[in-house]
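Colleague: Could you take a close look at one helix of this model and tell me what its buried residues pack against? I would then like you to carry on from there to the rest of the structure, as far as the model allows.

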Amino acid sequence: MSSTTQNAPSPVPGSVGSPPRGGIASLLSRRHIGTIAALIALLIFNFIFTPHFATMQTLSVNLTQVCVIVIVGVGMTMVIATGGIDLSVGSIMAIAGAFAPQIFQGMLFPVPNLYVGIALAIVMSITIAGFFGLFNGWLVSSFRVQPIIATLILYIAGRGIAQVWTNGDLQVFKVPEFQQIAIGRVFGVPFQVWIMLALVLIAAWALQRTVFGRQVLAVGGNEQAARLAGIPVRRVKRLVYVISGVCSGIAGLIVIAMNSAADANLIGMGIELDVIAAVAVGGTLLSGGRATIIGTLLGALIIQLVRYTLLANGVPDAAALVVKAGLIVLAVWLQRQDRA
Amino acid sequence: MPRLHASAGFGALLALLLIIGFGAWRYDGFISEYNILTVLRYNSMFALVGLGMCFVIMTGGIDLSVGSVAALSSVVAAYLSPYGLIPGLLGGLAAGVAAGTINGFIISKMKILPFIATLATMLAASGVALLLSNQQSVPASYDTNFMALGQGDFALYAPDWVNGEDAGFFGAVIRIFLGFPIPAWIALFAYLLGSLILNRTAFGRHVLAVGGGEEASRLMGLPTDRTIFLVYVMSGLLAGMAGVILAAQFGAGQPIEGIGWELFAIASVVVGGTLLTGGKGSVGATLVGTLLLGILFTVLNFENGMGWISLSAYWQSVLRGGFLFVVVILQSRLTRSTAAA
């Protein structure tokens, strides 16, 4: 454990309150070297072998594909940092995505004008998502249900709720003002990429530089010690699931904005696997106590790039699944070697 | 402490009897021969997967790969079915054992958390199944007796008199007994064997010891790694068997079936009162849990059929989640009150 002092949870309350200082550059630690090296190797391979790789379009396609995974991954990383897991992210995305169009189209209650409707839709959907996250957190913290089982409940029921609410119908809409959150561009970069970057930076900062962040890592590192040190373990746990719910809500809105349609059957289907894979490849310890948001971003980029590389070179998607599986096992195994 | 899982299992059994009683009272044809045999035939796959999951959970682990392993096995079995029942069966089982061996190796030798290891094999097995089948369902052969594994029974061997008018109660019992679907026999046999293994062998005691405390069992000199390795192989074998039955029951290898089976299996184990933290559990209660969940959905289907309410598939998933919620809360209460006592 001695090699990971930077993020090692400390059971001493005094040091929990005084996180290390440093600029944004120090958010990247030498822990990421392996991940970055893998990413660069993939990029070089593609520059040489994949036709039309070095184009703005490729960059744009890959970034938009990775956005949703990273946004959900921000919340997942926090949850995993406490030693938990959140399987319900995809279902919560579906719930947020199913509610939002009904609100800004004024189907649930009259809205004075489109802009107010859009604002209400965004705020309310994300709030609802947060409450579903709170439900997960409540089960985990107050009933001590194992996270994998607690979030299994909403994994099953959550999508059902979204489907019942929309009758399983596809809701198509044409509201460019709302769709700006996904497809609008600022400085030539899709707006959703900016959202992703903002969330990543805020979360990375919060995890490493705030008391809350230290508490999250302390709970994941040794729950008993954290409790004895006076950390409000239950509140910390509840909060990380709320954060995960909120992140899923945002991701759900981006997905429907991209598609200009909401399909409760499909939004976020199976995303939990991609997200957990990104977190694992990024170097976050799955048993908790050590986490890196930047790593999750890098992990998601690696997985996306591997998939893109395989597809662009004619390997079927099914084979990419097998490769992804190997990648997850390899990444987690390397983590273990690193710790030993 | 032994009273805990006994009482949870008893609760599940009581709930099962109540649901059956409710169904018999409310719906015509609920207790019919046809309905009973259909429920048994269909749920035998889930019972097999649940048995493997039960052993895995008793060691404190989890196996998320069972659904896609079953899908992979069904594809392999369907490809081999033209060569006969035995090749199809062995091929499917071999695919399951291979996946289970990989799980066991990754978890016990590479020391990777069970849920992440089996998540990876879930992806990989599904990928291999899609590659092998070219993303289409693979028709199984009707020329061999392979289909008997999913659809067959022993009714042909019934003596003439039991089908007669004056067969009476005894005759009806024999008729149902021989009409018992072959997959249900397989599941029953697996559960009897599983119960023997858990309660009468050293391996069974090791399973519970490892789940109770891995480090402590290691220090006591128990073969911890081998035990963990073997439960995943066992879970793979049973998922493989379920896959063979899947192919035989639906007449085709189904590369995209099996999604959500792991959740169903986990739910049955939990409903049966096996502690998710490991160290305690009951094979029989898992069978009760599987039947309880299976019959609950039969009841929902009958309710739909009566037309009073329209329960779409969407509502069913909400109810499934709600049911799991109730069970989990009850289990959490039970555990705490026993721990306090």
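Modeller: In this predicted model, the buried residues of H7 of chain A pack against four helices of chain A, namely H4 (89-104), H5 (114-142), H8 (191-209) and H11 (233-259). H7(A) itself runs over residues 176-183, and the residues in question are A:Phe178, A:Ile181 and A:Ala182. They cover an arc of only 95° around the axis, and therefore lie on the same side of H7(A). On the other side of the helix, A:Pro176 and A:Glu177 are exposed.

Following chain A beyond one of these partners, the loop between H5 and helix H6 (147-166) of chain A holds A:Arg144, whose phi is near 50°, a positive value in a residue other than glycine. A:Arg144 has 14 other C-beta atoms within 10 Å and is therefore partly exposed, since a residue counts as buried from 20 such atoms upward and as exposed at 12 or fewer.

Elsewhere in chain A, helix packing can be described in detail for one pair. Two packed helices are described by the angle between their axes and the distance between the axes. For H3 (residues 56-81) and H13 (residues 293-312) of chain A, the axes come within 9 Å and cross at roughly 145°, and the crossing in which H3(A) passes H13(A) is right-handed. From H3(A), the residues that take part are A:Asn62, A:Gln65, A:Val66, A:Ile69, A:Val70, A:Gly73, A:Val74 and A:Thr77, and they meet A:Ile293, A:Thr296, A:Leu297, A:Ala300, A:Leu301, A:Gln304, A:Leu305 and A:Tyr308 of H13(A). Sorted by character, the residues of this contact between H3(A) and H13(A) comprise ten nonpolar and six polar ones, with no charged residue.

H13(A) also contains A:Leu311, which is partly exposed, with 14 other C-beta atoms within 10 Å. Once neighbours within four places in sequence are left aside, A:Leu311 is in contact with A:Asp317 and A:Ala320. Its C-alpha atom is separated by 29 Å from that of A:Leu199, a residue 112 positions away along the chain.

The contact between the two chains takes 34 residues from chain A and 36 residues from chain B. On the side of chain B that touches chain A, helices H5 (114-133), H12 (261-271) and H14 (313-340) of chain B each supply at least two residues, and H5(B) gives the most, with 13 residues. That side of chain B divides into 26 nonpolar, eight polar and two charged residues.

H5(B) has 20 residues and reaches 28 Å from its first C-alpha to its last, close to the 28 Å expected at 1.5 Å a residue. Of its 20 residues, 17 are buried, so H5(B) is largely enclosed by the rest of the structure. Just after H5(B), B:Asn134 takes a positive phi of about 60°; B:Asn134 lies in the loop between H5 and strand E1 (138-139) of chain B and counts as exposed, with 11 C-beta neighbours inside 10 Å.

As the setting for H5(B), the secondary structure of chain B comes to 14 helices and two strands, and buried residues make up 51% of its 341 residues. Among the contacts in chain B with a separation of 6 or more, 78% are accounted for by residues 24 or more positions apart.

How values were computed
Residues are numbered from 1 along each chain as its sequence is written. Chains are lettered from A and ligands numbered from 1 in the order in which they are written. This is a predicted model: local features need pLDDT of at least 70, side-chain atom pairs count only at pLDDT 80 or more; totals for chains, interfaces and linings use all residues. The arc is that of the directions from the helix axis to the C-beta atoms. Two residues are in contact if their C-beta atoms, placed from the backbone, lie within 7 Å. Axes are lines fitted to C-alpha atoms, for helices over the stretch in contact, and angles run from 0 to 180 degrees between N-to-C directions. A crossing is left-handed if the near helix is turned anticlockwise from the far one by less than a right angle, and right-handed if clockwise. Ala, Val, Leu, Ile, Met, Phe, Trp, Tyr, Cys and Pro count as nonpolar, Asp, Glu, Lys and Arg as charged, and the others, Gly among them, as polar. The expected span of a helix is 1.5 Å times one less than its number of residues.
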